[in-house]
Structure formats: structure tokens, C-alpha cells
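Thank you for sending this model for comment. My remarks are set out as numbered points below, starting from the chain as a whole and ending with one helix.

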Amino acid sequence: MEKIEISKLFKDSGMQTTLRRATFDRLQIRPQVNYRGRTQDEVFFQKQDGANVEFEVVRRMDFEPEGVFEITAVYTVRRVLNDEFVGQDIDYRELLRTLTANDFNMLCGNVFSSMSLIISQLTLASNGVPMVSPPVYCGIAAKAE
């Protein structure tokens, strides 16, 4: 399959984002332990219904070693295909594997900014200090090294 440019695949006006869930689990903080924060973004194809295509966008934040908090924000992004692509057999799972960070930002619009905002609000309410996560797609940064 020839790579399709995200900017040409979907209509600009046909984007809808919905917060599905946000979870915040406060964990124990051990004295004398240095914690390293991790952020992981993933985008999954959910379904296609005619010209509408739905993706799930997940941001997870946690710490290594385990402690402080774990937080997850999940959004649904619904896009509308440009007319020329309606009815074509497009493997969206494979397409997602080929995208760059800029492509994900274009695909998901401002959902990463919304995730950053909700995470900072939840962490502010929990301990009085907002944790600001990247307002753009940051990929999978939580892999074990």
C-alpha cells in the first residue's frame, strides 16, 4: 500500500474528540528514592462507519520505580474521510504504524493539548502542583531499557 498523507485523507472540518475516561491513582512516595517520570502515547484504530473513522488515543504517565502516581487519559477521535477515499480498503492499523509524530499531531488535532490540560488539572487537585505533560504526541517513551 502506498503511504497516504494524513492531510489529504481526512476533511479538515470533520473532527470530533470526546474524553472517554481519565484515571488517577496516587501511589506511595518512598523517602530517599529518585523517581523518573515516563509518558507514553498510543493511538489505536477503533472502527470505520462509512466515511467516519474512529481512533482511540491513550496517554499514560507513571514513574520508575513505581511510585508517586499513575495517570491515564483516553480520548476518542472521530474523523471524516475526504470523498475520494470513501469506500477504499484502507488498513488503518498498518497506516498508524507508518506515521511520524507530526502525522499523529495532524491526525488527532488538539487532543494532546486536551490531555495535557486534564492531567495538569488532576495532579493540581491531588497535591497542589500541576504536572504538565507534552501538549503534542510523544510516542512510546515508557519502554523498559
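**Notes on the predicted model**

1. In this predicted model, residues 24 or more positions apart account for 72% of the contacts in the protein with a separation of 6 or more.

2. The protein has 4 helices and 4 strands, and from the N terminus on these elements follow the order α-β-β-β-β-α-α-α. The C-alpha trace spans about 60 × 30 × 20 Å along its principal axes.

3. Of the 145 residues in the protein, 38% are buried, while the accessible surface comes to about 8,500 Å², with 46% of that area belonging to carbon and sulfur atoms. As for charge, there are 17 positive and 20 negative side chains, and the centres of the two sets lie 4 Å apart.

4. Helix H4 covers residues 111-127, and its geometry can be checked by simple arithmetic: at 1.5 Å a residue its 17 residues should span 24 Å, and because the end C-alpha atoms are in fact 24 Å apart, the expected and computed values agree. Just after H4, Gly 128 takes a positive phi of about 80 degrees.

5. Which residues of H4 are buried? They are Val 111, Phe 112, Met 115, Ser 116, Ile 118, Ile 119, Ser 120 and Thr 123. As general background to such a list, an α-helix has 3.6 residues a turn, so residues three or four places apart point the same way.

6. The partners of these buried H4 residues are strand S1 (10-26), strand S2 (36-49), strand S3 (52-64) and strand S4 (69-81), together with helix H3 (101-108), against which they also pack.

Note on methods. Residues are numbered from 1 along each chain as its sequence is written. This is a predicted model: local features need pLDDT of at least 70, side-chain atom pairs count only at pLDDT 80 or more; totals for chains, interfaces and linings use all residues. Side-chain values use heavy atoms; hydrogens and water are left out. Helices (H or I, at least four residues) and strands (E, at least two) are DSSP runs, numbered from the N terminus. The expected span of a helix is 1.5 Å times one less than its number of residues. Buried means under 20% relative accessible area, exposed over 50%, partly exposed in between (1.4 Å probe, protein chains only). Contact means heavy atoms within 4.5 Å. Accessible areas come from the Shrake-Rupley method with a 1.4 Å probe; for residues, only the protein chains shown count as cover. Lys and Arg count as positive and Asp and Glu as negative; His and the chain ends are not counted. The place of a charge is taken as NZ of Lys, CZ of Arg, CG of Asp or CD of Glu.
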